[in-house]
Amino acid sequence: MTRNEWLELTVLERKKYNCLLELEDTTRQLAEALDRNDQVAAKMLVAMRQDPLLKLEEVERGEKQRKAALPQEDQDRVRALLREQAARYDGEDVFLEQAGKTRKLLERVVELDRRISLRVAGDHSFYRKK
């Protein structure tokens, strides 16, 4: 893959990261509203979470299409990097760094969402069923 192709994938990873930042902020505000027992704010924030989720879905769809358009060898290399293999070629290091940041942020968002869901829904939580 060329450096520009890696840059395109890195930009898509950064867009995912930005969507996740917005989602994390809204989710954190939701947790704070629940701590205050502010039902009006909580309902509003649940609705507000929809926007970054939809943006994230759109970015992920574009990323999937972009990756699918790559030759099989390049698709395999991207998958290998995402499994945390070391960067070997020009441009891979920047992509790998951004993908790592995105993954860590996603883990934080999921954990925050899990805590909220378990608190609100208890045994009926999506996370309890795992």
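Helices here are DSSP runs of H or I with at least four residues, and strands are E runs of at least two, numbered from the N terminus. Glutamate 84 sits just after helix 4 and takes a positive phi of about 70°. The model is predicted, so local features need pLDDT of at least 70, side-chain atom pairs count only at pLDDT 80 or more, and totals for chains, interfaces and linings use all residues. Residues are numbered from 1 along each chain as its sequence is written, and side-chain values use heavy atoms, with hydrogens and water left out.

Stay with helix 4, residues 72–82. Its buried residues are Asp74, Gln75, Arg77, Val78, Ala80 and Leu81. Buried means under 20% relative accessible area, exposed over 50%, and partly exposed in between, with a 1.4 Å probe and protein chains only. The cover over these helix 4 residues includes helix 1, helix 3 (50–68) and helix 5.

Now turn to the nonpolar cores. Such a core is a set of buried Ala, Val, Leu, Ile, Met, Phe, Trp, Tyr and Cys residues joined through side-chain atoms within 4.5 Å. The largest has nine residues: Leu30, Ala31, Ala33, Leu34, Ala41, Ala42, Leu45, Leu112 and Ile116. Helix 1 (3–35), helix 2 (39–48) and helix 5 (92–121) each give two or more residues to this core. Helix 1 gives the most, with four. Leucine 30 is in contact (heavy atoms within 4.5 Å) with Ala42, Leu45, Val46, Arg49 and Ile116, leaving aside neighbours within four places in sequence. Another core, of eight residues, lies apart from the largest core; Tyr17, Leu20, Leu23 and Val59 are among its members.

Leu30 also lines the largest pocket, together with Leu34, Gln39, Ala42, Lys43, Val46, Arg49, Leu53, Asp113, Ile116, Ser117 and Val120. On a 1 Å grid over the protein atoms alone, a pocket is an open set of points where a 1.4 Å probe fits, with protein on both sides within 12 Å along at least five of seven lines; lining residues have an atom within 4 Å of a point. The largest pocket holds about 230 Å³ of space. That volume is the space filled by probe spheres set on the points, which are joined across faces, edges and corners. Helix 1, helix 2 and helix 5 each supply at least two lining residues. By class, seven lining residues are nonpolar, two polar and three charged.

Next, the aromatic rings. Two aromatic pairs are found in the whole structure. Tryptophan 6 and phenylalanine 95 form a tilted pair, 5.2 Å centre to centre with 45° between the planes. Tryptophan 6 is in helix 1 and phenylalanine 95 in helix 5, 89 residues apart. Tryptophan 6 is buried at 1% relative accessibility, and phenylalanine 95 is buried at 0%. Phenylalanine 126 and tyrosine 127 form an edge-to-face pair, 5.2 Å centre to centre with 80° between the planes. Here phenylalanine 126 is exposed at 54%, whereas tyrosine 127 is buried at 17%. Rings of Phe, Tyr and Trp (its six-membered ring) pair if their centres lie within 6.5 Å; planes under 30 degrees apart count as stacked, over 60 as edge-to-face and the rest as tilted.

Two more residues complete the tour. Threonine 102 belongs to helix 5 and is buried at 4%. Beyond four places in sequence, threonine 102 touches Glu13, Lys16, Tyr17 and Leu20. Leucine 12 lies in helix 1 and is buried at 16%. Leaving aside neighbours within four places, leucine 12 contacts Val59, Gly62, Glu63 and Arg66.

Key
Nonpolar A, V, L, I, M, F, W, Y, C, P; charged D, E, K, R; others polar.
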